[in-house]
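Trainee: I keep running into terms for contacts and strands, and I'd like to know what earns each name. Could we go through them on a real example?

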Amino acid sequence: MTTHEFPDADSAGVVRLDEGHHPGDGKMPAEFENPGLPPHVHRMADHDEAGAKRAERQVAGLFGLSMLGTIVAMVGYFAFSTEHRSWVPGLGHVSTTNLLLGIGIGLGLLGIGLGAVHWAKTLMPDEEVVEMRHPMRSSDEARAGFAEVMRDGGEKSQLFRRPLLKLSLGGAMGLFSLPLLVQLLGSLGPLPRNNLDVTFWDGHPHEGEDGKQHRTFEHPRLVTDPEGIPIKAADVTIGSVYHVLPAGLLPNADGEGGLEHGQLEEKAKAAVLLMRLDPTEFQDTPGGKKAKEWGHDGIVAYSKICTHVGCPVGLYERTTHHLLCPCHQSTFDVTDDCKVIFGPAKRPLPQLKITVDDEGYLIAAQPFQEAVGPSFWERG
Amino acid sequence: MNALASRRRHPAAIALLLLLGLFVTGGAYAALAPKPAVAAEASSDQIQQGKQLFLQNCATCHGIGALGTDEGPSLAGVGAAAVDFQMGTGRMPMAGPGIQAPRNVPSFDAEKIAAIGAYIQSLAPGPAVPDAKYTSGEGGDPGKGGMIFRTNCSMCHNSAGAGGALTRGKYAPSLHNVDAKYIYEAMLTGPQSMPVFNDMNLSPEAKADVIAYLKTMHEEGNPGGMALGSLGPVSEGLVAWIFGLGILIGAAYWLGQKGA
């Protein structure tokens with residue numbers, strides 16, 4: 001073999017580490033020597049005063065760049081109105097103030113950081129120093145002394161001799177935590193009661209004589225969101241989509257009325273999507289039949305609040321009759337009572353049963369028969 | 001000649017002459033008819049031209065008589081507005097079968113599109129090409145338009161009008177650089193997957209508001225800098241991960257480097 005080319009290795013039966021890889025006889029050396037640290041290479045600034053001077057100027061230059069950036073940011077803030085625009089290649093017309101604030105504050109911070117790192121790398125000492133680790137444990141005497149002091153303190157304050165002191169102090173401190181806890185729980189707001197089960201379709205919320213909230217169902221008209229115009233059944237052509245709210249929630253088309261308190265909360269639950277399909281397109285399933293029956297001449301109304309986590313399900317494809325939720329791609333089939341056909345939602349969208357009044361306007365025949373929106377603990 | 005001359009006193013000759021006279025008079029009247037009749041003639045000419053163009057370019061999929069085939073839907077009642085939108089934006093004639101016809105360079109000039117529109121409109125009445133008064137968005141209220149857009153349009157087209165994905169490969173196209181007339185016609189006719197927003201749902205004024213909103217959005221630009229396609233967290237996250245993390249890795253490498 002080639003071992004005779006390495007006489008040292010051959011004679012000792014050991015592969016020399018400084019010779020690199022070569023075929024050996026498969027034996028391991030008895031002991032590796034600690035190779036230690038590689039020789040220290042001094043930097044230019046360590047032995048050349050001119051180099052050190054240059055590094056100093058570079059660091060100062062970077063700190064100066066930071067100052068310049070800060071001044072640019074302040075000038076950008078005061079000198080330009082927020083309406084001022086300037087054209088930047090690749091960005092287009094952007095707000096001058098925003099641009100200068102961004103560049104200025106960015107440079108301000110970056111200059112300090114780069115300067116500090118450059119300083120550390122060129123001028124601060126870079127000799128490696130070895131410091132051996134010491135045991136952290138205190139000596140036995142120190143530990144015994146500490147225990148003695150603690151015990152002595154307890155004796156002298158008569159804490160052990162007079163248990164009433166101990167108990168009353170503990171009670172006072174324990175009780176003191178209660179105001180904090182009470183505030184935390186109290187500021188969670190009133191109990192939800194049946195708020196998740198009822199919507200504005202059940203009627204205006206009002207205080208009853210028993211002090212509880214009541215709603216009286218009054219067949220509200222379906223009106224457009226956000227304009228508040230009542231919808232005639234004849235105006236809903238096949239393929240149409242109307243975004244609908246119950247009348248009385250938002251101001252009407254003349255800007256009158258509308259719920260004064262809690263409008264957004266009610267709107268978030270009452271939003272409804274109204275679609276008209278060709279009545280023959282509903283599927284011949286129990287769901288499809290019920291959907292058609294609860295609608296009016298192919299017009300169906302469904303809650304717009306996704307049963308997954310409550311996003312507005314508004315993406316209606318009129319060719320496939322799929323309703324898609326933009327948040328997590330839950331897809332509902334309108335021809336089959338909004339059954340879930342894809343995605344994480346577990347329940348179909350609740351349907352609002354509708355009919356028409358004497359003047360031909362669409363009205364709700366009954367409120368939602370189940371809670372709208374995502375599942376909750378008490379829903380059952 | 002002799003045969004004709006010899007029969008000139010034949011009892012049928014009078015009747016024949018009378019018929020000839022009537023024919024010539026009628027023909028002359030038709031040829032020299034006053035203006036209104038000419039105009040009506042031109043319109044039916046346009047329909048005729050539209051029918052020819054339809055048979056040559058559209059009937060393969062939409063069927064002779066535009067009643068639809070397995071390849072394409074019936075066009076009865078879609079109206080001239082739908083034709084103007086589909087052909088004016090180059091979506092029709094479709095370049096190839098697919099889940100959705102993409103926007104393209106129009107293959108026909110305005111005159112031919114109007115002719116086909118007139119033909120489709122003559123089959124069954126539908127929404128006509130809207131009046132220019134509303135389609136320009138002039139005088140629309142961008143604030144109100146924004147409210148209407150966010151309720152009715154933004155879930156598919158994105159609140160900045162940048163478009164978005166639908167189910168199974170379909171998508172809502174971007175509304176940037178779309179002629180206001182076509183935006184109006186799309187609302188009116190509901191092309192492809194898009195639902196219809198007829199004049200009772202969104203009045204012509206409301207549609208003008210929506211167009212004014214889109215115009216204003218476009219003119220305002222992005223004062224905050226790069227919009228990254230206005231697509232939200234996907235493109236922004238991609239830039240942050242690639243460039244932001246790239247810079248951090250570079251900085252960490254520089255910090256860890258030995259020597260100056």
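Mentor: Sure, let's start with charges: the structure holds 20 salt bridges over all chains. Keep in mind that this is a predicted model, where local features need pLDDT of at least 70 and side-chain atom pairs count only at pLDDT 80 or more, while totals for chains, interfaces and linings use all residues. Residues are numbered from 1 along each chain as its sequence is written, chains are lettered from A and ligands numbered from 1 in the order in which they are written, and side-chain values use heavy atoms, with hydrogens and water left out.

Trainee: Why is the pair of Glu359(A) and Arg221(A) called a salt bridge?

Mentor: The rule asks for a side-chain nitrogen of Lys or Arg within 4 Å of a carboxyl oxygen of Asp or Glu. Here the closest N and O atoms are 3.2 Å apart, so the pair fits the rule.

Trainee: What makes this pair a tie between parts of the chain?

Mentor: Glu359(A) sits in the loop between β14 (354–356) and β15 (362–364) of chain A, and Arg221(A) in the loop between β4 (213–214) and β5 of chain A, so the pair links parts 138 residues apart in sequence. Those element names are DSSP runs numbered from the N terminus: helices (H or I, at least four residues) and strands (E, at least two).

Trainee: What about salt bridges between chain A and chain B, how many does the rule find?

Mentor: Two across that interface. In one, Glu317(A) pairs with Lys170(B), with the closest N and O atoms 3.1 Å apart.

Trainee: Which elements of chain A give two or more residues to the side that touches chain B?

Mentor: They are β2 (92–95), α4 (96–122), β6 (241–246), β9 (315–317) and β10 (322–324). The largest share, six residues, comes from α4(A).

Trainee: How many residues does each chain bring to the contact?

Mentor: Contact means heavy atoms within 4.5 Å, and chain A brings 38 residues and chain B 36. The area buried between them is about 2900 Å², 56% of it from carbon and sulfur atoms. Buried area is the accessible area (1.4 Å probe) that two parts lose on being put together, summed over both.

Trainee: Now strands. How do you know that β1 and β2 of chain A pair?

Mentor: Pairing takes at least two bridges found by DSSP between two strands. Strand β1 (residues 85–88) and β2(A) have four, in the antiparallel sense, so they qualify. Arg85(A) stands opposite Ser95(A), and Ser86(A) has Val94(A) as its bridge partner. In their hairpin, with three residues between the strands, Gly90(A) takes a positive phi near 90°.

Trainee: Why are β5 and β13 of chain A at the edges of their sheet?

Mentor: That open sheet has five strands in the order β5-β6-β7-β8-β13, with antiparallel pairing. β5 (222–224) and β13 (351–352) each have a single partner strand, so one side of each is left without a neighbour in the sheet. Further in, four bridges join β6(A) to β7 (residues 272–276), and Val241(A) has Met275(A) as its bridge partner.

Trainee: What is the strand order in the open sheet of four strands?

Mentor: It goes β9-β10-β11-β12 in chain A, again antiparallel. The edge strands are β9 and β12 (339–342), each pairing on one side only. Three bridges join β10(A) to β11 (residues 331–333), and His322(A) stands opposite Asp333(A).
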